[in-house]
Structure formats: structure tokens, C-alpha cells
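This report describes one protein chain, going from its overall layout to single residues. Please look at the sequence and the structure first.

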Amino acid sequence: MKKEDTKRSMATHLRREHSQWRDTNFSNKVGFFPVFYEFKEILPQLSGGAVSLFIYIGLHSNNQTGECYHSIEKISDFFGKSPRTISKWIDELVEFRLIKRFQLEVNGPAHTFIRPYSNKEK
């Protein structure tokens, strides 16, 4: 078999593998988080930590409301980072209008909302 044929066969396999993976995850209604193409415009301006946190929040958010209730402590445990580092990443995401975080009631859990993003807003 020629090298080109092997690569074409591998490409076909990888396309099929991706399609099956996507279809399985959507049909099982497992949590997912869409990252829309506009994010590409913001991406170079964010630190790696802020991008990781944005994805984490997205994966733990309600798909209908874009709302996540994880505490800074829980997030810091997940990443193995200090609460101060997580707070800096949150501030960065807030600055770029990617999230809004606040408490609905005194001493209640913080709600983090994913916001529609566009580089035009910054």
C-alpha cells in the first residue's frame, strides 16, 4: 500500500471516529460546552489559566441557563491552585465579559454565569 493510501485511510478512520464520538456524546446527553467560533478573537488575549477556567465553568454549567455554582475553593482543589490564583482568573474572565459572578443572597453560593461573547464588546 502506498504512503498516500495509508494516510487517506487514516484520515477516513479519524473522521469516522470523531463523528461517532460526537454522536455518542450528544445522544447520551452527557454534559457538553459549546465554544463558538467568535471565541477565537478573544483567545489570544487570555491567559492559559483563564481559558482553562472558562472551559471548566462551561462544563459544569447548566446548558439552559449558563449558570455554575462551584465555589472558588472547589475550583482551586480541582486545579491544584490557590484560591487567589482562581480569583485572578475569574477577574480576567469578568474583565473580558465572558462571565458574571455574584451572590443572589447574603452568605449564599456564588452564581457564575457564562455570557455571550464577542470581541466587539471589549
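## Overall layout

The chain holds 5 helices and 3 strands. From the start of the sequence to its end, their order is α-α-α-β-α-α-β-β. The radius of gyration is 18 Å, well over the 14 Å that the globule rule gives for 122 residues, so the chain is more spread out than a compact globule. This is a predicted model.

Taken along the principal axes, the box filled by the C-alpha atoms is roughly 65 × 30 × 30 Å. Among contacts with a separation of 6 or more, 54% join residues 24 or more positions apart.

## Surface and charge

Of the 122 residues in the chain, 28% are buried. The chain exposes about 9000 Å², and 54% of that area comes from carbon and sulfur atoms.

Positive side chains number 19 and negative ones 14. The centres of these two sets are 6 Å apart.

## Helix 3 and its surroundings

Helix 3 covers residues 48–59, which is 12 residues. From its first C-alpha to its last it reaches 17 Å, close to the 16 Å expected at 1.5 Å a residue.

Which residues of helix 3 are buried? They are Gly49, Ala50, Val51, Leu53, Phe54, Tyr56, Ile57 and Gly58. An α-helix has 3.6 residues a turn, so residues three or four places apart point the same way. The buried residues of helix 3 pack against three other helices and the strands: helix 2 (39–42), helix 4 (72–79) and helix 5, together with strand 1 (67–68), strand 2 and strand 3.

## Ala110 in strand 3

Ala110 belongs to strand 3. With a relative accessibility of 18%, Ala110 counts as buried, because the cut-off for buried is under 20%.

Which residues does Ala110 touch, leaving aside those up to four places away in sequence? They are Cys68, Tyr69, Arg101, Phe102 and Gln103. His70 lies 40 residues from Ala110 in sequence, while their C-alpha atoms are 7.5 Å apart in space.

## Two residues with positive phi

Most residues other than glycine have a negative phi. Arg97 is not a glycine, yet its phi is positive, about 60 degrees. Arg97 sits in the loop between helix 5 (83–95) and strand 2 (99–103). Its relative accessible area is 38%, which makes Arg97 partly exposed.

Asn107 also has a positive phi, near 65 degrees. Where is Asn107 placed? It lies in the loop between strand 2 and strand 3 (110–114). Asn107 is exposed, with a relative accessible area of 75%.

## Distances between other residues

Gln45 is in the loop between helix 2 and helix 3. Its relative accessible area of 37% places Gln45 among the partly exposed residues. Along the chain, Gln45 and Phe96 are 51 residues apart, and 9.0 Å separates their C-alpha atoms.

Glu95 is part of helix 5. It is partly exposed, at 48% relative accessibility. Between Glu95 and Thr112 there are 14 Å from C-alpha to C-alpha, with the two residues 17 apart in sequence.

Key. Residues numbered from 1 in each chain as written. Predicted model: local features only at pLDDT ≥ 70, side-chain atom pairs only at ≥ 80, totals over all residues. Heavy atoms only, no water. Helix = DSSP H or I, 4+ residues; strand = E, 2+ residues; numbered from the N terminus. Rg over C-alpha atoms; globule rule 2.2 N^0.38 Å. Buried < 20%, exposed > 50% of the residue type's maximum accessible area, 1.4 Å probe, protein only. Contact = heavy atoms within 4.5 Å. Areas by Shrake-Rupley, 256 points an atom, 1.4 Å probe, with all protein chains shown as cover. Lys, Arg positive; Asp, Glu negative; His and termini not counted. Charge placed at Lys NZ, Arg CZ, Asp CG, Glu CD. Expected span 1.5 Å × (residues − 1).
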